[in-house]
Amino acid sequence: MKALITGVTGYLGSRLAARLAGNCEVYGLVRQPLKTTYLPQEVLGGLTLLSYDGSGESLLAALEISQPDIVFHLAAHYTGAHDLAAVSALTVSNLYLGNCLLEAMQLSGKCRKIVYATSYYAHISGKAYHPLNLYAATKKAFSDIVEFYTDAGYVEAASVMLSDTYGSDDQRPKVLNLIRQAILEKRSMDLTSGRQIFDLLYVDDVVDGLIQAAKALENPPAAHQFFQLNSENPLSLRETVELMLKVNHLKFEANWGGRPEPERQIYKPAKVYPPPPGWAQRVSLEKGLKRFWTEPGL
């Protein structure tokens, strides 16, 4: 099997590439200059990198070269802001790139199957669509674009709604990583009340879910399938931090309430879609938080 991954230089994409490399031919779509933060030599050795220069033509060329059986579309830009600069970055990364990819798939005829990631941030108050921020809105907008391509018979797609991800060697500026750094530096940190839901999944479970979603496209019951990966019992941010401190015997001076509450926040988990067939959470939060702390360099 051949797989093409967008976002392969990111945390999740690189982990997916490493997992797939032992069983199939893996291609990664990359921009220059190449970012290798999450691509050590052992991962790069199992990849064929194809250049994306921002044009649809380069995507078409990548498909012609790789001729993948499946595309994993994980490239995205995240920001909680919605100023003019953010609008441009979110639109280019979360809509334009994906739309060009779908059109290139249709034009090339080399691949009809795509697995792409969406965000549970699109459902901050339950099953109904209610986006947390503009990022979440662009992810939902891309899903609507996919609907056209599946309805027209051009592609078969599996949408995978993700909760927050974490794991070893995660260098993204996420709150758990920032807290970890504060603990290592033995300093306090201002946080919100911590009442918001912090639905965490260990990266290995997320990779498993993406692979299971791809398998669901082998004999799809519908051209556009929708799945969700979430933890069995999501906790609040404060409960999650307290659990991390407990299982790792750590001390941390958290100033809960030291930062103002955001205007929009998630205070209850939303179960919107079923998991991919055959998927279940295997890394419990307690086990994952131990690995997160004790295996930072993997």
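1. In this predicted model, a convenient place to begin is alanine 157, whose bridge partner in strand E11 is histidine 224. More broadly, strand E6, which covers residues 156-162, is joined to E11 by 6 bridges, and these two strands run parallel.

2. The pairing of E6 with E11 belongs to an open sheet of 7 strands, in which the order is E3-E2-E1-E4-E5-E6-E11 and the pairing is parallel. Strand E3 (47-51) and strand E11 (224-229) stand at the edges, and because each has a single partner strand, one side of each is left without a neighbour in the sheet. From one strand to the next, the twist averages 20°.

3. Helix H7, made up of residues 203-216, lies across four strands of this model, namely E4 (70-73), E5 (113-119), E6 and E11, and the helix runs at about 160° to E11.

4. Helix H7 also packs with helix H1 (residues 11-20), at an angle of about 65° and with the two axes 10 Å apart. Angles from 65 to 115 degrees count as roughly perpendicular, and H1 and H7 are therefore described as roughly perpendicular to each other. The crossing of these two helices is right-handed.

5. Which residues of H1 meet residues of H7? On the H1 side they are Tyr11, Leu12, Arg15, Leu16, Arg19 and Leu20, while on the H7 side they are Val203, Asp204, Val206, Val207, Asp208, Leu210 and Ile211. Sorted by class, the contact of H1 with H7 contains 9 nonpolar and 4 charged residues, with no polar ones.

How values were computed. Residues are numbered from 1 along each chain as its sequence is written. This is a predicted model: local features need pLDDT of at least 70, side-chain atom pairs count only at pLDDT 80 or more; totals for chains, interfaces and linings use all residues. Side-chain values use heavy atoms; hydrogens and water are left out. Two strands pair if DSSP finds at least two bridges between them. Axes are lines fitted to C-alpha atoms, for helices over the stretch in contact, and angles run from 0 to 180 degrees between N-to-C directions. Contact means heavy atoms within 4.5 Å. Angles under 35 degrees count as roughly parallel, over 145 as roughly antiparallel, 65 to 115 as roughly perpendicular and the rest as oblique. A crossing is left-handed if the near helix is turned anticlockwise from the far one by less than a right angle, and right-handed if clockwise. Ala, Val, Leu, Ile, Met, Phe, Trp, Tyr, Cys and Pro count as nonpolar, Asp, Glu, Lys and Arg as charged, and the others, Gly among them, as polar.
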